[in-house]
Amino acid sequence: MNCVERLVDIFGSQAEVARRFSLDRAVVNNWVKSGYVPARWAMEVEQVTGGDVTAADVLNEATERKPIRLKSRPDGENLYIPTVGSDTMINEYAPSKRISSFHPPQRTLLGPGPTEIHPRVLTTMSQPAIGYLDPVFVDMMEELKSLLRYVYQTKNPLTFPISGPGSVGMEFCFVNMVAPGDKVIVCRNGVFGGRMIENVERCGATAIVVEDKWGEPVDPQKLEDAMKANPDARLVAFVHAETSTGVLSDAKTLVEIAHKHDALTIVDAVTSLGGCEVRVDDWKFDAVYSASQKCLSCTPGLSPVSISERVVDFVKGRKDKIHSWFMDMNLLLGYWGASTRTYHHTAPTNSLFGLHEALLLIREEGLENCWARHKRHHIALKAGLEAMNLKFLVDPKYQVPEMNAVHCAAGVNEAEVRKRLLNEFGIEIGAGLGPLAGKIWRFGLMGYSCRPDNVMLCLSALGSVLEDMGYPVHVGDAESAAHAAYASMHTTEAAAKKRKTAKAA
Ligand SMILES: Cc1ncc(COP(=O)(O)O)c(C=O)c1O
């Protein structure tokens, strides 16, 4: 007897089988005529018959009568039928929704990060995996560290990428440098200073907060005052380029003040690294972290850090146990340090190939040229945005070239503008955070996204959307202003080049 005959035998008639399975009688009649129950009913048959007819019986029979065809795209057939004889059977935990391969749409990423990934980085990441202790990989790690030292402008031997996003780099610095009971001065002028306070408190220390308005740089005088009032504070932390507002603080001066009072420093260079001047040695940073997905044009998930010898000695000398095993600098040194290469955790090898390529791209472009590119396109974008009467949040003296925050256009729904940019033009820009939510738009020009075609596309898309939504702009004005800015920069640069050549001759 085949399975369908057994069902009719158990339930007495085709009509009763149809009733038990909530089916039309014609369907059951079809099963009888074809001589098998379709595979997708296997689990239900087993349940309804209490196991008298098993799912395996149904599957084996159905597969024999109607072999499974594998298709690249599902078209109504269940692709998750287990193979004949497999004891896995249909898995009750398998997703009920049919799932096919993921193909993200093409977007122009002009928000606060992630940025577009350079095609050379993507290609490199798709190379075959190799072991994280493979001698070839180990050689690549040394090159990667030397490229990172170049981008950070440092000779710190301990300069390497932590496996994890920028937040892990942040936590790495705090967990190694802050002990319970410590006093830490944290400068807060946006979202990420707030996260530093969280880190200090979670390390069991006390945060003394130097507060500045969102959109304004950290005030060096306030830091000086806080240090005088708290001579026992042994650490100062601040964000160099605050992504939530696009403001740049004077890192060199802040570090000088901290050192004058014998405190170490933790500097957040997540948005600044690669986009504007960061000089770890000249500015005497003690510990600095960044992230791979912003001006480095790489995939998210790596956090390059650079740690001075002074901090390495300090951490090595700590008597208490570091509160995180994964981020314990002494243990990580075993894998990333100068001499040894022992297993600590499985390094994300292909992402590291990608970072190597991303840093190599900056080396080929020249770091100073890379900073200049971010500045040039910032000036053009700014000219265009201001031609649309959009006002920058930050005073021009402190604007971060790669992170442009403007007050939203009055009288239009700001979220609708972002939605239309995404849906109609594939452009992603950033919204305001915290107290600036609904009040500002953030235009990132970072890494590979920082290109003239993106500047022009962004201005022309924004102009069309705003005009369509009734905001008084004249489509084309923004592009003209940006073109004029490019032309003026070109003229100035050409004149400077001419003068240089004449002088050399
Ligand atoms: C200044 C700053 N610090 C820290 C972070 C956290 O980095 P991640 O999101 O990679 O964890 C960000 C992220 O945007 C940032 O902009």
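Okay, let's start at the ligand. By class, the shell around it is made of eight nonpolar residues, five polar ones and one charged one. Before I go on, keep in mind that this is a predicted model.

So, which residues come nearest to the ligand? Of the 14 around it, those are P165, G166, S167, T243 and V270. And which helix gives the most to that shell? That's helix α8, residues 166-177, and it puts in three residues.

Now let's zoom out to the whole chain. The domain assignment splits the protein chain into domain 1, covering 1-103, domain 2, covering 119-365, and domain 3, covering 367-504. If you take the C-alpha centres of domain 1 and domain 3, they sit 59 Å apart.

Next, a few backbone oddities. Have a look at G113 and P114: the peptide bond joining them is cis, with omega at about 5°. As for where that is, P114 belongs to the loop between β1 (108-109) and α6 (119-125).

Then there are two residues to look at for their phi angles. One is Q153, which isn't a glycine but still has a positive phi of about 55°. You'll find Q153 in the loop that runs between α7 (135-152) and β2 (158-163). The other is S297, again not a glycine, with a positive phi near 60°. S297 is in a loop too, between β9 (287-289) and β10 (302-307).

Are these two buried or exposed? Let's take them in turn. Q153 has 16 other C-beta atoms within 10 Å, so we call it partly exposed. S297 has 29 C-beta neighbours inside 10 Å, and therefore counts as buried. The cut-off for buried, by the way, is 20 or more.

Last stop, a sheet. This one is open and has three strands, in the order β11-β14-β13, with antiparallel pairing. What about the edges? Those are β11 (403-407) and β13 (430-431); each has a single partner strand, so one side of each has no neighbour in the sheet.

Let's stay with β11 for a moment. How many bridges does β11 make with β14? Strand β14 is residues 440-444, and the two pair in the antiparallel sense over five bridges. If you want a spot to find that pairing on the screen, go to H407, which stands opposite I440 in β14.

So, to take one thing home from each stop: helix α8 gives the most to the ligand shell, the bond between G113 and P114 is cis, and β11 and β13 are the edge strands of that open sheet. That's it from me, thanks.

Key
Residues are numbered from 1 along each chain as its sequence is written. This is a predicted model: local features need pLDDT of at least 70, side-chain atom pairs count only at pLDDT 80 or more; totals for chains, interfaces and linings use all residues. A residue is near a molecule or strand if its C-beta atom, placed from the backbone, lies within 6 Å of it. Helices (H or I, at least four residues) and strands (E, at least two) are DSSP runs, numbered from the N terminus. Ala, Val, Leu, Ile, Met, Phe, Trp, Tyr, Cys and Pro count as nonpolar, Asp, Glu, Lys and Arg as charged, and the others, Gly among them, as polar. A residue is buried if 20 or more other C-beta atoms lie within 10 Å of its own, exposed if 12 or fewer, and partly exposed in between; C-beta atoms are placed from the backbone. Domain bounds come from an automatic or database domain assignment. Two strands pair if DSSP finds at least two bridges between them.
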